[in-house]
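I opened my notebook to look up how the chains of this assembly meet. Here is what I wrote down as I went along.

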Number of protein chains: 6
Amino acid sequence: MPYVNIKVTDEGVTSAQKRKLIQGVTDLLVNVLDKDPKTTHIVIDEVHIDNWGVSGEQYGKLKKQQ
Amino acid sequence: MPYVNIKVTDEGVTSAQKRKLIQGVTDLLVNVLDKDPKTTHIVIDEVHIDNWGVSGEQYGKLKKQQ
Amino acid sequence: MPYVNIKVTDEGVTSAQKRKLIQGVTDLLVNVLDKDPKTTHIVIDEVHIDNWGVSGEQYGKLKKQQ
Amino acid sequence: MPYVNIKVTDEGVTSAQKRKLIQGVTDLLVNVLDKDPKTTHIVIDEVHIDNWGVSGEQYGKLKKQQ
Amino acid sequence: MPYVNIKVTDEGVTSAQKRKLIQGVTDLLVNVLDKDPKTTHIVIDEVHIDNWGVSGEQYGKLKKQQ
Amino acid sequence: MPYVNIKVTDEGVTSAQKRKLIQGVTDLLVNVLDKDPKTTHIVIDEVHIDNWGVSGEQYGKLKKQQ
């Protein structure tokens, strides 16, 4: 019965990487909590780098400064 | 004072269907919990089928296999 | 594949009322979007009235003033 | 360690406005709760006006009627 | 029409501090985006320190090591 | 910059199991997306079994029937 929401910045995550995240999180919930994969739902949200803030600044701006 | 977030896969949900969901959920909260429709907010998120996982697999891939 | 999160203030919602919300939202998603009830998950969060704000004030305080 | 999610209707929020929201919320968490800006994450979601419902109606429709 | 969800670790946030967060976030949305306070909802979630992870460790454990 | 929210039913998840989930999800984000563990936040929500619905029924009721 788990529901997992993964939020990452939108920086070109490939479909293959999304698949690895989905498989990995599902395996983890099966192994650690004995959950049924059929009822384990995972949603990945890709967030624009100007819409994610940390240290009081937009990540898009922090990235340019690096 | 309710806030409801509906997440569905992005498979061509029409504006009319969204309206029915919003009306239906609002009516339910009014009828069951006597909530005020004016303070009942509903947000629908449409999730790309490659970003939704179940059974350890992307829904986009499961859909093709059906 | 829908996931629905309902947030309401914690003011004595009964288990029977929660059941009606779960049944009602599931029926709505089946009827409007032809979703499978087996993959329709609903999570109800009950929020303390001091942790919910509207009009710039805690709902707990607004409620006392009514 | 705070995580803040701001959901607003998608009505042309500028990058400068997003920056003000991120700076303002971060300052607030630093001043009120003595949080570290480095671990304060803020995510802004812009929601299509047809996907936001209030008073049992899509905001997109309510806006036209105003 | 904004909805804001603030997640902080559960470390004795007072009701007065919650009020300041609610007032501050509401003012910010009014000032930056010209939102109506009556439709601005804020929900504060207090998360147990063993349920929040960062740097691959429970915050409860990190806190003890400080 | 990832933020991960794990929702599971509240059925006696131990602190050791939470730690394994936090470590596992962090490792996954490091390995798959090359994320920095220091900015990878994970929040686990434990949901009462009467507040989680699937198949149009409260999980608490489904569990008794098994």
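**Entry: one strand against its copy**

I began at A:N5, and I found F:N5 of β1(F) standing opposite. This is a predicted model, so I kept that in mind for everything below. Next I looked up the strands around this pair. β1(A) and strand β1 of chain F, residues 3-9, are paired in the antiparallel sense, and I noted five bridges between them.

**Entry: how chain A and chain F are related**

I then asked what turn lays chain A on chain F. A turn of 180 degrees does it, with a shift of 0.0 Å along the axis and an RMSD of 0.0 Å. That is the relation of a two-fold axis. I also checked which C-alpha of chain A is nearest the axis: it belongs to A:N5, at 2.6 Å. So my starting residue turned up again here, opposite F:N5 and with the C-alpha of chain A nearest the axis. The same surface serves both copies, as 100% of the contact residues of chain A recur in chain F.

**Entry: what the A and F contact is made of**

How many residues does each chain bring to this contact? I wrote down 24 residues from chain A and 24 residues from chain F. The size of an interface is often given as the accessible area lost when the parts come together. For chain A and chain F I have about 2,100 Å² buried between them, with 77% of it on carbon and sulfur atoms.

I looked for charged partners next. Two salt bridges are found across the interface of chain A and chain F. One of them joins the side chains of A:E11 and F:K35, at 3.8 Å from N to O. I also noted seven residue pairs in polar contact across this interface, both residues at pLDDT 80 or more.

Which elements of chain A supply the side that touches chain F? β1 (3-9), α1 (15-33) and β3 (52-54) each supply at least two residues. α1(A) gives the most, with nine residues. By class, I listed 16 nonpolar, four polar and four charged residues on that side of chain A.

**Entry: chain E against chain C**

I moved on to another pair of chains. Here 16 residues of chain E are in contact with twelve residues of chain C. The area buried between chain E and chain C is about 1,200 Å², and carbon and sulfur atoms give 47% of that area. In chain E, the residues that lose the most area to chain C are E:R19, E:I22 and E:V43, together 35% of what that side buries.

E:R19 deserved a second look. This residue forms a salt bridge with C:E57, and the closest N and O atoms are 2.7 Å apart. The count between chain E and chain C is one salt bridge. I added eight residue pairs in polar contact across this interface, both residues at pLDDT 80 or more. On the side of chain E that touches chain C, α1 (15-33) and β2 (41-47) of chain E are the elements that give two or more residues. By class, that side has six nonpolar, five polar and five charged residues.

E:V43 came back when I followed the strands: in β2(E), E:V43 is the bridge partner of C:W52. Strand β3 of chain C, residues 52-54, runs antiparallel to β2(E), and three bridges join the two.

What turn lays chain E on chain C? I noted 120 degrees, with an RMSD of 0.0 Å and a shift of 0.0 Å along the axis. The two copies are thus related as by a three-fold rotation axis. In chain E, the C-alpha nearest this axis is that of E:D45, 5.8 Å from it.

**Entry: a sheet across chains**

I traced one open sheet of eight strands, in the order β4(D)-β3(D)-β2(B)-β1(B)-β1(C)-β2(C)-β3(F)-β4(F), with mixed pairing. Its edge strands are β4 (57-58) of chain D and β4 (57-58) of chain F, each of which pairs on one side only. Between chain C and chain F, strand β2 (residues 41-47) of chain C pairs with strand β3 (residues 52-54) of chain F in the antiparallel sense, over three bridges. In β3(F), C:H41 has F:V54 as bridge partner.

**Entry: pairs without contact**

Lastly, I checked two pairs that do not touch. No contact joins chain C and chain D, and their closest C-alpha atoms lie 14 Å apart. Chain A and chain E have no contact either, with their closest C-alpha atoms 14 Å apart.

Terms used: Residues are numbered from 1 along each chain as its sequence is written. Chains are lettered from A and ligands numbered from 1 in the order in which they are written. This is a predicted model: local features need pLDDT of at least 70, side-chain atom pairs count only at pLDDT 80 or more; totals for chains, interfaces and linings use all residues. Side-chain values use heavy atoms; hydrogens and water are left out. Copies are superposed by least squares on the C-alpha atoms of residues with pLDDT of at least 70 in both. Contact means heavy atoms within 4.5 Å. Buried area is the accessible area (1.4 Å probe) that two parts lose on being put together, summed over both. A salt bridge is a side-chain nitrogen of Lys or Arg within 4 Å of a carboxyl oxygen of Asp or Glu. A polar contact is a pair of N or O atoms within 3.5 Å; within protein, one must be able to donate a hydrogen and the other to accept it, and residues adjacent in sequence count only if both atoms are side-chain atoms. Helices (H or I, at least four residues) and strands (E, at least two) are DSSP runs, numbered from the N terminus. Ala, Val, Leu, Ile, Met, Phe, Trp, Tyr, Cys and Pro count as nonpolar, Asp, Glu, Lys and Arg as charged, and the others, Gly among them, as polar. Two strands pair if DSSP finds at least two bridges between them.
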